[in-house]
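Trainee: Could you take one part of this protein chain and go through it closely with me? I would like to follow its residues one after another and see what surrounds them.

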Amino acid sequence: MTAIRFTAIDPDCPVDRDGITEIITIPLLLCDADAVPVGRIKLLLNAVQAELLHTSLTGALGSAAAPRGPE
């Protein structure tokens, strides 16, 4: 069994939003330690989950780019 090291958004499949249920489908690639795709999954999010994910990622990216001060 291959160890999954990280996931990435699948560039060959678009992110989709269902107009009726408002469920957002994000296609992901499962990758091994050498960044070779070994599988595919779909992440399903409702509007609240999508907003929480967006907020978390924005905060993480913002804190990573923030100046750290003198070392």
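Mentor: Let us take strand 3, which is mostly covered, since eight of its eight residues are buried. Please keep in mind throughout that this is a predicted model. The strand spans residues 24-31, and its side chains divide into two sets: Ile24, Ile26, Leu28 and Leu30 point one way, while Thr25, Pro27, Leu29 and Cys31 point the other way, and all of them are buried. For the protein chain as a whole, 17% of the 71 residues count as buried, and about 5,700 Å² is exposed, with carbon and sulfur atoms supplying 62% of that area.

To place the strand in the chain, note that the protein chain has four strands and one helix, and that the elements, read from the N terminus, follow the order β-β-β-β-α. Strand 3 is paired with each of the other strands in turn, as the following partners show.

With strand 4, which covers residues 37-45, strand 3 runs antiparallel and is joined by eight bridges. Within this pairing, Ile26 stands opposite Leu43 of strand 4. The two strands form a hairpin with five residues between them, and in its turn Ala35 has a positive phi of about 65°.

With strand 1, strand 3 is again antiparallel, here through four bridges, and Phe6 has Cys31 of strand 3 as its bridge partner. With strand 2, the pairing is also antiparallel and rests on two bridges, with Arg17 taking Ile24 in strand 3 as its bridge partner. Strand 2 and strand 3 likewise make a hairpin, with six residues between the strands, and Glu22 in that hairpin takes a positive phi near 65°.

Glu22 deserves a second look, as its side chain meets that of Arg17 in a salt bridge, with 2.8 Å from N to O. Arg17 is thus described twice here, as the bridge partner of Ile24 and as the salt-bridge partner of Glu22. Glu22 itself is partly exposed, because its relative accessible area is 33%.

Now consider the nonpolar side chains. The largest nonpolar core consists of five residues, namely Ile24, Ile26, Leu28, Leu45 and Ala50, and strand 3 gives the largest share of this core, three residues. Ala50, once its neighbours within four places in sequence are left aside, is in contact with Ile24 and Leu45. Ile24, Ile26 and Leu28 are among the residues that point one way from the strand.

On the other way out from the strand we meet Thr25. Thr25 counts as buried because its relative accessibility is 18%, and the limit for buried is under 20%. Not counting residues up to four places away in sequence, Thr25 touches Pro14, Val15 and Asp16, and also Lys42, Leu43 and Leu44. Leu43 therefore appears in two roles, as a residue touched by Thr25 and as the one that stands opposite Ile26.

At the end of the strand, Cys31 counts as buried because its relative accessibility is 4%. Cys13, by contrast, is partly exposed, with a relative accessible area of 33%. The count of disulfides in the model is zero.

Finally, let us step just outside strand 3 to the charged pairs. Side chains of opposite charge can pair when their charged atoms come close. The count of salt bridges comes to two. Besides the pair of Glu22 and Arg17, Arg40 forms a salt bridge with Asp10, and their closest N and O atoms are 2.7 Å apart. Because Arg40 lies in strand 4 and Asp10 in the loop between strand 1 and strand 2, this pair ties together parts that are 30 residues apart in sequence. The two partners differ in their cover: Arg40 counts as exposed, at 56% relative accessibility, whereas Asp10 counts as buried, at 2%.

Technical notes: Residues are numbered from 1 along each chain as its sequence is written. This is a predicted model: local features need pLDDT of at least 70, side-chain atom pairs count only at pLDDT 80 or more; totals for chains, interfaces and linings use all residues. Side-chain values use heavy atoms; hydrogens and water are left out. Buried means under 20% relative accessible area, exposed over 50%, partly exposed in between (1.4 Å probe, protein chains only). Accessible areas come from the Shrake-Rupley method with a 1.4 Å probe; for residues, only the protein chains shown count as cover. A nonpolar core is a set of buried Ala, Val, Leu, Ile, Met, Phe, Trp, Tyr and Cys residues joined through side-chain atoms within 4.5 Å. Contact means heavy atoms within 4.5 Å. A disulfide is a pair of cysteine sulfur atoms within 2.5 Å. A salt bridge is a side-chain nitrogen of Lys or Arg within 4 Å of a carboxyl oxygen of Asp or Glu.
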